[in-house]
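Colleague: Could you take me through one part of this model in detail? I would like to start at the surface and then work inwards.

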Amino acid sequence: SVRAAPSGKGRAAACVTDYRLAVQAALEDTYDVAVVGGGIVGLATVRELILRHPSLSFVLLEKEKELAVHQSGHNSGVIHSGIYYTPGSLKARLCVRGATLAYEYCEKKGLPYKKCGKLIVALEHEEIPRLQALYERGMKNNVRDLSIIDAKGIREREPFCRGLMALDSPYTGIVDWRMVALRYGQDFEEAGGTVVTDAEVDDITTVTESPAGSADGMKYPIAVRDKKGNEVRCRYVLTCGGLYSDRLSQISGCSPEPRIVPFRGDYLVLKPEKHFWARGNIYPVPDPRFPFLGVHFTPRMDGSVWLGPNAVLAFKREGYKVYDFNVRDFADALSFRGLQKLVMKNVTYGIGEMYRGIFIGAQVKILQKYIPELSLSDVLRGPAGVRAQALDRDGNLVDDFVFDGGVGDVGSRVLHVRNAPSPAATSSLAIAEMVADEVESRFAL
């Protein structure tokens with residue numbers, strides 16, 4: 001099914017444009033809560049907090065000139081249904097609830113989306129037991145409308161796709177997650193919140209005196225400063241820093257781990273005349289030997305079809321191009337024992353990912369297993385995203401949510417969302433409920 005904005009694409013685009021013009025706001029002196037990070041998790045959470053506590057004052061600080069420009073604006077655009085995750089786990093519960101809330105939110109706000117579905121396709125007989133295990137896992141997670149289909153069923157759903165068997169998830173959809181994130185921000189401002197962009201936070205400290213002219217004494221004991229020297233006084237701070245979540249934690253005295261290591265995913269795109277080859281999402285059966293999912297076909301809201309991504313170490317935390325490089329980011333990643341151990345455990349896989357990123361014919365060869373008609377002449381190099389992958393010192397991917405606070409004057413008033421793993425966009429409204437609960441518990445709002 002397809003849900004379009006009531007007055008077409010123009011209204012949705014105008015909504016985004018109008019909001020961009022509105023995000024620049026003047027700083028006031030004091031707030032009850034400052035939220036650092038204007039990605040989809042930060043925006044969803046600050047929206048949830050102000051709706052729960054309309055009498056409190058909130059400010060959201062974002063380092064870029066616009067909101068939601070990094071992971072929230074560089075992703076596959078999929079609304080995941082919750083198939084992959086361990087039954088009963090937080091990720092599973094948040095994804096299943098988050099998908100339901102996302103569809104309801106898009107309906108309520110008139111944001112366009114498509115329930116185009118997803119096939120997880122088994123190409124080899126040895127993949128079939130893993131596919132059946134995925135089905136059982138999805139059923140335990142209460143994923144809607146799951147079924148297993150045979151080769152004939154695959155062709156009925158995706159006429160150009162070949163496979164032995166597939167898991168059919170019609171509840172999976174697509175949406176422009178950046179548009180959704182910007183609408184969260186609009187809700188926040190309409191509820192009385194303040195959004196400040198171009199404010200890169202680099203210091204969170206306690207203060208020893210009241211702001212000049214303040215009659216509130218030490219009601220606002222935390223100072224949040226940006227690189228330009230601007231300052232916000234507040235009672236409490238919540239950070240949702242994404243690619244910089246570990247560094248934001250460190251400036252307030254928290255542990256440097258888990259460490260964020262950036263992985264870039266490069267996509268190919270189908271040429272426009274071949275878009276009809278993929279009606280919905282076509283995914284591989286995950287291989288438990290490897291840390292990432294593998295390449296897939298992903299239709300987009302604009303009608304294009306993305307193929308990929310690969311997964312390679314990015315030499316810059318916001319490095320979307322092959323040659324983007326930042327000395328500090330590169331040195332931080334390579335000197336971290338956790339990354340060194342991850343690389344040693346996955347040398348062959350890593351070399352293969354790098355090779356496929358350089359020689360796109362190698363990636364096309366994998367994709368041809370699903371759609372045999374595909375050839376190198378049918379694809380172009382496409383966009384890229386950078387994933388904030390949290391790693392522990394043993395080289396394990398941190399696959400669940402991590403909160404960090406601290407002790408002492410600063411730590412007791414700061415809460416860091418250290419890791420909000422994929423599918424954070426799908427789960428964003430459910431994550432917001434959980435983070436808001438944590439904020440209320442720690443800070444007694």
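Modeller: Happy to. Ile351 counts as exposed because its relative accessibility is 53%, and exposed here means over 50%. Please keep in mind that this is a predicted model. Ile351 belongs to helix 10, and together with Val343, Met344 and Val347 it makes up a nonpolar patch on the surface. The four residues have about 390 Å² of accessible area together. Two helices contribute to this patch: helix 9 (337-345) and helix 10 (347-358) each supply at least two of its residues.

A loop makes a useful next stop. Gly294 sits between strand 15 (281-284) and strand 16 (296-299). With a relative accessible area of 28%, Gly294 is partly exposed. Leaving aside residues up to four places away in sequence, Gly294 is in contact with Pro284, Gly308 and Pro309. For Gly294 and Pro309, the separation is 15 residues in sequence, and their C-alpha atoms are 7.1 Å apart in space.

Now let us go inside, to strand 21. This strand covers residues 414-419, and six of the six are buried, so strand 21 is largely enclosed by the rest of the structure. It has a parallel partner in strand 13 (residues 231-239), joined to it by three bridges. In that pairing, Leu238 stands opposite Leu415. Strand 20 (residues 402-404) is also joined to strand 21 by three bridges, but these two run antiparallel. Here Phe403 has Val417 as its bridge partner.

Leu238 turns up again in the largest nonpolar core, which has 51 residues. Along with Phe58, Leu60, Trp177, Val180 and Tyr184, Leu238 touches the most other members of that core. Many elements feed into this core with at least two residues each, including strand 2 (30-36), helix 2 (40-52), strand 3 (58-61), helix 3 (90-109), helix 6 (177-190), strand 13 and strand 21. Helix 13 (428-443) is another of these elements, and helix 13 gives the most, with nine residues. A second core, of 23 residues, lies apart from this one, and among its members are Val121, Ile149, Val305 and Leu374.

To finish, have a look around Trp177, one of those well-connected core residues. Not counting residues up to four places away in sequence, Trp177 touches Ile40, Ser72, Asn75, Gly77, Val78, Ile79, Ala102, Ala425 and Thr426.

Key:
Residues are numbered from 1 along each chain as its sequence is written. This is a predicted model: local features need pLDDT of at least 70, side-chain atom pairs count only at pLDDT 80 or more; totals for chains, interfaces and linings use all residues. Side-chain values use heavy atoms; hydrogens and water are left out. Patches are made of residues with over 30% relative accessible area and no salt bridge: like charges are joined within 9 Å, nonpolar side chains (Val, Leu, Ile, Met, Phe, Trp, Tyr) within 5 Å. Accessible areas come from the Shrake-Rupley method with a 1.4 Å probe; for residues, only the protein chains shown count as cover. A salt bridge is a side-chain nitrogen of Lys or Arg within 4 Å of a carboxyl oxygen of Asp or Glu. Helices (H or I, at least four residues) and strands (E, at least two) are DSSP runs, numbered from the N terminus. Buried means under 20% relative accessible area, exposed over 50%, partly exposed in between (1.4 Å probe, protein chains only). Contact means heavy atoms within 4.5 Å. Two strands pair if DSSP finds at least two bridges between them. A nonpolar core is a set of buried Ala, Val, Leu, Ile, Met, Phe, Trp, Tyr and Cys residues joined through side-chain atoms within 4.5 Å.
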